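Open the model in your viewer and set it to cartoon, with side chains available on demand. The stops below are meant to be selected one after another.

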Amino acid sequence: MKQPNWKTPLILSATLFGVGTFAYWLQYSHKPKKDKADTETKKPISLPADDTQIAMIRVKSTRGLIELKCESLSDKKCNGLTDGKWILTNPMGPNGIPYPADLMTVKEVLNGTNNAVAPELIDLTEETPEKRKSLMNDYGLSDEKRTTIETQFIEFVTADAQGKPGKRYTAWFGVEHPIGDKTFVGSAVEGAVNDKTVFLISNSFKNSTFGKTVTNFREKALFNFDRNSVDEITSNKFKAKKTNGIWTINGFEGSNDRIGTVLSAISNSKASEFVDESMIKGLKPVISYTVKSGNQTHSIELFEKILPAKAIPGSKEKLSAEKHYYARTSGIKEIVEVESILRNNIDKKLSELRNTLILTDAEKITATKIKAEAPSYSAAPEFEYANGNWKSKDAAKNWDANIGSKLLNLLAMTRIQDFVSPVPSGKEIVKLTIGDDKNPAKFKMSFFTAKDKLYARNLNDKNNEAYLMEESMKSALPKTENEWKLQNPTTNNPAPAKK
């Protein structure tokens with residue numbers, strides 16, 4: 001039998017494999033690079049790389065020129081990928097001091113412009129110089145029209161490795177296309193305009209970029225401090241001080257969470273607009289705060305002003321009168337307008353910032369003794385925590401240790417609704433003493449009803465006040481001696497371990 005000739009199929013197979021491998025490389029290696037290159041040719045401003053350092057941004061709208069400068073070149077943080085420090089150099093702030101710039105707005109413009117891709121290009125390569133000049137004029141991009149006050153542009157000035165100004169990349173926005181929501185855009189590098197390619201960019205990008213005002217670009221944060229570093233607060237309603245991580249407010253135990261929420265609202269407050277001092281003329285602050293953080297002191301005064309109703313042009317109707325809020329702060333010399341939610345977040349009464357828990361979770365866990373007393377009880381139910389379980393101190397009385405355990409959970413979950421002074425007169429339901437071996441009477445509370453409402457009074461506290469408790473606690477609290485007893489007594493009924 002003639003042996004088959006494998007040489008030809010092998011050569012053919014190797015050839016096909018090579019072609020297939022080349023096709024795979026072409027599809028998955030070469031093509032993406034080409035696509036990226038194609039994308040770059042569709043950008044009016046095509047930077048060398050995403051992390052190219054930008055020393056300056058210029059945005060020229062119909063309202064004038066806004067100029068921003070990056071002060072983080074030495075740290076390589078002057079691009080849309082990092083958080084550098086930017087300032088407004090035009091317009092300049094009072095006394096020639098630049099305004100700090102809003103980083104998020106700067107990055108939005110940087111990234112938005114660097115990623116602006118034209119879905120359509122107009123290729124003028126084949127046109128004569130005279131024709132190109134005529135078309136550029138029609139597009140609003142000729143030398144004469146680019147210098148008019150109406151023409152808008154955005155420009156990036158890059159920086160070299162030493163942080164010195166490098167090339168200028170400019171995108172010029174001409175007239176709008178007669179069909180479709182887009183604008184003719186020309187590009188320039190170092191002032192040399194590319195008259196062979198015109199980009200059609202969406203009006204949404206144009207409006208977003210050139211619709212930004214100086215206010216948009218200004219830093220609107222009113223403060224720069226860590227709320228956790230604050231150890232003293234003074235307002236026109238109370239004074240609070242933090243010692244060893246615990247807040248006291250006007251001598252009462254404060255709520256760390258609620259005070260922290262107020263501090264967070266102050267430290268994160270932002271201006272919505274910068275206004276003239278005359279906006280608060282004759283007004284008194286509705287709320288004021290001074291906070292101390294180490295050796296630094298920060299302050300804010302909040303003013304409320306009702307702006308009168310305004311007529312709607314061409315209509316008999318009027319816009320309703322509105323409340324506006326303005327702030328004077330230690331961080332900014334100008335008066336700023338703020339959102340109304342700031343008042344809701346910081347205008348708190350003393351009672352809203354006090355501790356509203358009778359028992360914390362930590363105190364619930366460390367408690368080892370419970371005693372209940374009432375005038376109608378023949379004996380006081382007592383419970384002890386030992387060997388991982390709650391047990392009745394007197395087994396003969398058949399007290400239900402589960403009741404004591406549930407009671408601790410109830411006290412740790414139920415919040416005080418209000419602080420009432422003087423103490424209203426009423427009928428006592430039960431007196432609870434809770435503690436541990438070192439301090440058996442650490443908590444001594446009397447629960448009573450007055451006008452069908454449940455109150456608690458801290459018998460260890462000399463303040464003449466009572467706590468108005470949640471309505472749900474009234475039904476959950478044991479009221480009679482029988483409610484403390486086992487319903488089917490068989491054992492001492494140890495309660496489950498603490499949770």
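The tour of this predicted model goes from a disulfide to a core, then to a sheet and a second core.

**Stop 1: the disulfide.** Select Cys70 and Cys78 and show their side chains. The two sulfur atoms are 1.9 Å apart and form a disulfide; the count for the model is one. Set a dihedral about the S-S bond: the torsion is about -80 degrees, so the disulfide is left-handed. Cys70 and Cys78 are both buried.

**Stop 2: the largest nonpolar core.** Next, select Ile57, Leu68, Trp86, Ile154, Phe156 and Phe173. Within the 33 residues of the largest nonpolar core, these touch the most other members. Elements giving two or more residues to this core include strand S1 (54-61), strand S2 (64-70), helix H2 (103-114), strand S7 (165-176) and helix H5 (203-210). Now centre on Ile154 and display its surroundings. Leaving aside residues up to four places away in sequence, Ile154 touches Ile45, Val109, Phe173 and Phe210, among others.

**Stop 3: the open sheet.** Move to the eight strands that form an open sheet, and trace them in the order S24-S23-S22-S26-S27-S28-S29-S25; their pairing is antiparallel. At the edges stand S24 (389-392) and S25 (416-420), each with a single partner strand, so one side of each has no neighbour in the sheet. On average, neighbouring strands here are turned by 25 degrees against each other, direction ignored.

Select residues 427-435 and 443-450, which are strands S26 and S27; seven bridges link them in the antiparallel sense. Along this pair, look for Val430, which stands opposite Phe447 in S27.

**Stop 4: the helix across the sheet.** Add residues 401-413. This is helix H11, which lies across S22 (369-373), S23 (382-386), S24, S26 and S27. Relative to S24, helix H11 runs at about 125 degrees.

**Stop 5: the second core.** Select Leu408, Leu432, Met473 and Trp484, which are among the 32 residues of a second, separate core. Which strand holds Leu432? Leu432 lies in S26, and at 1% relative accessibility it counts as buried. Beyond four places in sequence, the residues that Leu432 touches include Lys371, Ala372, Leu407, Leu411, Phe447 and Trp484.

**Last stop: a long distance.** Keep Leu432 selected and add His324. The two residues are 108 apart in sequence, and their C-alpha atoms are 49 Å apart in space.

Key:
Residues numbered from 1 in each chain as written. Predicted model: local features only at pLDDT ≥ 70, side-chain atom pairs only at ≥ 80, totals over all residues. Heavy atoms only, no water. Disulfide = S-S within 2.5 Å. Buried < 20%, exposed > 50% of the residue type's maximum accessible area, 1.4 Å probe, protein only. Pairing = 2+ DSSP bridges. Helix = DSSP H or I, 4+ residues; strand = E, 2+ residues; numbered from the N terminus. Axes fitted to C-alpha atoms, helices over the stretch in contact; angles between N-to-C directions. Contact = heavy atoms within 4.5 Å. Core = buried A, V, L, I, M, F, W, Y, C linked by side-chain atoms within 4.5 Å.
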